[in-house]
Amino acid sequence: MLNMKLCTGCTACKSICPKQAIDMISDKDGFLYPTINKDKCINCKLCEKVCPLDKKFTPMINKVYAAKSYDKNVILSSSSGGIFYELSKYVLKNNGFVCGAAFDDNFQVHHIIIDNIEELPKLMTSKYVQSRIEDCYVEIRKLLNDDRLVLFSGTPCQTNGLKSYLKKDYSNLICIDIICHGTPAPRIWSYELNKYKKYNHSPVKSICFRDKKVSWKEYGYSCMYDDDSKRYSKHQNTTYSKAFLNDLDLRKSCYLCKAKGINRASDITLGDFWGCERFSISINDDKLGLSIVVIHTNKGLDIVNKLKIKLEDVNKKAIDNNPSYFYSSLEYKKRKKYLNKVNEVNYDELTSKMINKTYLDRFVNKVKRKIRNLVK
């Protein structure tokens, strides 16, 4: 029986059910969990067998690059160096399909599948909200069986879920995951979003979690309105970021993540190349952004080498500057209390109060980090 504390909401179980007996139901915080309709269930156990949590994924190779697009506009429109855009462009130009996270008209995040480059901006930049996969796994399998080229991008748990659902490796599937800190509660995002809506009488037109108005390393949140006005806040100054960065509102499984390190089914892992200044990287020539690209398979290596991008081989130790590649976030002891008490009225005040950690809290976290570094 699945431990719900470990469930990531990847939807592999729902997607594989032959009787459509599983629904993904939101808990009070907006996280989706599978619920079985016992009247439809035939007890085939496929849902248990497909669950990726107990599966081991072993990458064939592990090569690390610093990379960025040649196109300055692509980099400015991307979270880091624009490599997701370049990978997607390659697939779309070869009559393929790209599946990734996008905002809907209400600024909720869902995975969608696109087949043209005009829609690609929808999938670009980070969305610090858990994306709903819905029927994308099923649609991807249909495309793969029709011999169509598909690129899937998601969190490591979502990629592991897809590969587990498919049961076999497809030569026409390219899987990308990200270096993931964790997924905040959709309910908390709704509070932040409603604040943006109240700031201006004009409707919200677009939201960017990684606005590089200042620089790549000092990014912020920005909201564009229909009247072309813009609201910008530094990332660390928003209430939403304070909760996220202090691990107050992540999904329970994010503190016990089974898709860290090399236990990932992706061909390529993408992330920000934090700490790039510690390495002699010739392509790190501005403040616009630089990607770290971790190759896990020969398929991943092959497609990266086909791209027309700035690419530089770097020491594998570069990954150490992104601890979220290896480690789960540390659950803050006030998380449960915070999620039980927070509401739209007290959201700002309670978040600010809860993130004030005592000396003992900081000491305990420091010890935990040292211990996990020793057992890496």
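Student: What percentage of the 376 residues of the protein chain count as buried?
Tutor: This is a predicted model, in which local features need pLDDT of at least 70 and side-chain atom pairs count only at pLDDT 80 or more, while totals for chains, interfaces and linings use all residues. Residues are numbered from 1 along each chain as its sequence is written, and side-chain values use heavy atoms, with hydrogens and water left out. Buried means under 20% relative accessible area, exposed over 50%, and partly exposed in between, with a 1.4 Å probe and protein chains only. Of the 376 residues, the buried share is 55%.

Student: What radius of gyration does the protein chain have, set against a compact globule?
Tutor: The radius is taken over C-alpha atoms, and the globule rule is 2.2 Å times the number of residues to the power 0.38. For 376 residues a compact globule would come near 21 Å. The value for the protein chain agrees with this: 20 Å.

Student: What share of the contacts with a separation of 6 or more comes from residues 24 or more positions apart?
Tutor: Contact means heavy atoms within 4.5 Å. Among contacts with a separation of 6 or more in the protein chain, residues 24 or more positions apart account for 69%.

Student: In what order do the eight strands of the open sheet run?
Tutor: Helices (H or I, at least four residues) and strands (E, at least two) are DSSP runs numbered from the N terminus, and the protein chain has twelve helices and 13 strands. Two strands pair if DSSP finds at least two bridges between them. The pairing in this open sheet is mixed, and the order is E5-E4-E6-E7-E11-E12-E3-E13.

Student: Why is one side of E5 and of E13 left without a neighbour in the sheet?
Tutor: Strands of a sheet pair through backbone hydrogen bonds, either parallel or antiparallel. Strand E5 (109-114) and strand E13 (310-313) stand at the edges, so one side of each has no neighbour in the sheet. The reason is that each has a single partner strand.

Student: Which residue in E13 stands opposite tyrosine 65?
Tutor: Strand E3 (residues 63-68) and E13 pair in the antiparallel sense over four bridges. Opposite tyrosine 65, in E13, stands aspartate 313.

Student: What angle does the direction of helix H9 make with that of E12?
Tutor: Helix H9 (residues 298-306) packs on the sheet, touching E3, E7, E11, E12 and E13. Axes are lines fitted to C-alpha atoms, for helices over the stretch in contact, and angles run from 0 to 180 degrees between N-to-C directions. Between H9 and E12 the angle is about 140 degrees.

Student: How many of the five residues of strand E6 are buried?
Tutor: On one side of E6 lie Val150, Phe152 and Gly154, and on the other Leu151 and Ser153. Both faces of E6 are covered. For E6 (residues 150-154), the buried count out of five residues is five.

Student: Which residue in E7 is the bridge partner of leucine 151?
Tutor: E6 runs parallel to E4, joined by three bridges, and parallel to E7, joined by five bridges. On the E4 side, cysteine 99 stands opposite phenylalanine 152. In E7, the partner of leucine 151 is isoleucine 174.

Student: Which element gives the most to the largest nonpolar core?
Tutor: A nonpolar core is a set of buried Ala, Val, Leu, Ile, Met, Phe, Trp, Tyr and Cys residues joined through side-chain atoms within 4.5 Å. Of the 36 residues in the largest one, Ile188, Trp189, Ile207, Tyr240 and Tyr338 touch the most other members. At least two residues each come from H7 (186-199), E8, E9, H8, H10 and H11. With five residues, the element giving the most is H7.

Student: What sign does phi of phenylalanine 107 have?
Tutor: Most residues other than glycine have a negative phi. Phenylalanine 107 lies in the loop between strand E4 (97-103) and E5 and is buried, with a relative accessible area of 8%. Its phi is near 60 degrees, and the sign is positive.

Student: Is threonine 125 buried or partly exposed?
Tutor: Threonine 125 is placed in the loop between E5 and helix H5 (136-145), with a positive phi of about 70 degrees. At 24% relative accessibility, threonine 125 counts as partly exposed.
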